[in-house]
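Subject: Structure handover and findings

Dear colleague,

I am passing on the structure we spoke about, and below it you will find my notes on what the analysis turned up. Please read them with the model open beside you.

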Amino acid sequence: MSASASVTARRLAAAALAAGALVSVVTLPASAADHARPERPKVKISDVQYDSPGRDDRSNRSLNREWVEITNTARRSVNLDGWTLQDEDGHTYTFDHYRLEGRATVRIHTGIGRDTDTDLYQDRRHYVWDNRSDTATLRNDRGRFIDSESWGHHHR
């Protein structure tokens, strides 16, 4: 075998090995996709009732008709302990020992009431959400922004 034939044979062998390696790398993600990664929780503000229906007479009934809904769209539950819900004026509700189940919604009312799995109460005697314009902001227990919902003439 001549020297040039030997070099050509080595180059062909190297090219074949490189092609084989490339094919295995290209097929790797497909087989890795078969092993689903854990779903990341997705918590969001899903609805806001900022203008209590009826007269704003500051009765507990009227205060509790003002609310914000938080929804967990993922399958896994999320521990909301230490998370906050805040308006533009700095009124802050802090979740205390509450776990939001997967694909579930909790309604946070302004007034006084008994907390359940689906309804939490800020226990306030005054309205929180401005009827004209405001922003509800949800932050996790480390203060990181999660979601917000704005209404009125100025959106932040």
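The natural place to begin is an open sheet of four strands, which has the order β1-β2-β7-β8 and mixed pairing. Its edge strands are β1 and β8, each of which pairs on one side only, and from one strand to the next the twist averages 25 degrees. Please bear in mind throughout that this is a predicted model.

As for the setting of this sheet, the chain has two helices and 10 strands, and from the N terminus on its elements run α-β-α-β-β-β-β-β-β-β-β-β. Of the 156 residues of the chain, 29% count as buried. Among contacts between residues at least 6 apart in sequence, 52% join residues at least 24 apart.

Within the sheet, β1 and β2 pair in the antiparallel sense over six bridges, and Lys 44 stands opposite Thr 71 in β2. On the other side, six bridges join β2 to β7, and these two strands also run antiparallel; here Ile 70 stands opposite Val 106 in β7, while Trp 67 stands opposite His 109.

How far is β2 enclosed by the rest of the structure? Six of the six residues of β2 are buried, so the strand is largely enclosed. Both of its faces are covered, with Trp 67, Glu 69 and Thr 71 buried on one side and Val 68, Ile 70 and Asn 72 buried on the other. Trp 67 has a further partner in Arg 107, whose charged end sits over the ring of Trp 67, 3.7 Å from its centre.

The largest nonpolar core contains 21 residues, of which Ile 45, Ile 70, Leu 85, Phe 95 and Ile 108 touch the most other members. The elements that give two or more residues to this core are β1 (43-49), β2 (67-72), β7 (104-109) and β9 (134-139), and the largest share, three residues, comes from β1. For Ile 45, the contacts beyond its neighbours within four places in sequence include Val 68, Ile 70 and Leu 85, and also Ala 136, Leu 138, Asp 147 and Glu 149.

Some of those partners of Ile 45 lead on to the pairing of β9 with strand β10 (residues 145-151), where six bridges join the two strands in an antiparallel arrangement. Ala 136 stands opposite Glu 149 in β10, and both of these residues are among the contacts of Ile 45. The two strands form a hairpin with five residues between them, and in the turn Gly 143 has a positive phi of about 80 degrees.

At the β8 edge of the sheet, Leu 120 deserves a separate paragraph. Leu 120 lies in strand β8 (residues 119-121) and is buried, with a relative accessible area of 3%. Its C-alpha atom is separated by 6.1 Å from that of Arg 107, although the two residues are 13 apart along the chain. Leaving aside its neighbours within four places in sequence, Leu 120 is in contact with Tyr 93, Phe 95, Tyr 98, Val 106, Arg 107, Ile 108, His 109 and Asp 115.

Three of the residues that touch Leu 120 are the aromatic ones Tyr 93, Phe 95 and Tyr 98, which brings me to the ring pairs. A search of the whole structure finds four aromatic pairs. Tyr 93 and Phe 95 form one that is edge-to-face, at 5.2 Å centre to centre and with 75 degrees between the planes. The rings of Phe 95 and Tyr 98 have their centres 6.4 Å apart and their planes at 35 degrees, so this pair is tilted. Tyr 93 is buried, with a relative accessible area of 10%, and Phe 95 is likewise buried, at 1%, as is Tyr 98. Elsewhere, ring pairs link Tyr 50, Trp 129 and Trp 151 into a cluster.

If you look at one place before the others, I would suggest Phe 95, which is among the residues that touch the most other members of the core and is also in contact with Leu 120.

With best wishes

Definitions and conventions. Residues are numbered from 1 along each chain as its sequence is written. This is a predicted model: local features need pLDDT of at least 70, side-chain atom pairs count only at pLDDT 80 or more; totals for chains, interfaces and linings use all residues. Side-chain values use heavy atoms; hydrogens and water are left out. Buried means under 20% relative accessible area, exposed over 50%, partly exposed in between (1.4 Å probe, protein chains only). Contact means heavy atoms within 4.5 Å. A nonpolar core is a set of buried Ala, Val, Leu, Ile, Met, Phe, Trp, Tyr and Cys residues joined through side-chain atoms within 4.5 Å. Two strands pair if DSSP finds at least two bridges between them. Axes are lines fitted to C-alpha atoms, for helices over the stretch in contact, and angles run from 0 to 180 degrees between N-to-C directions. Rings of Phe, Tyr and Trp (its six-membered ring) pair if their centres lie within 6.5 Å; planes under 30 degrees apart count as stacked, over 60 as edge-to-face and the rest as tilted. A charge sits over a ring if NZ of Lys or CZ of Arg is within 6 Å of the ring centre and within 35 degrees of the ring normal.
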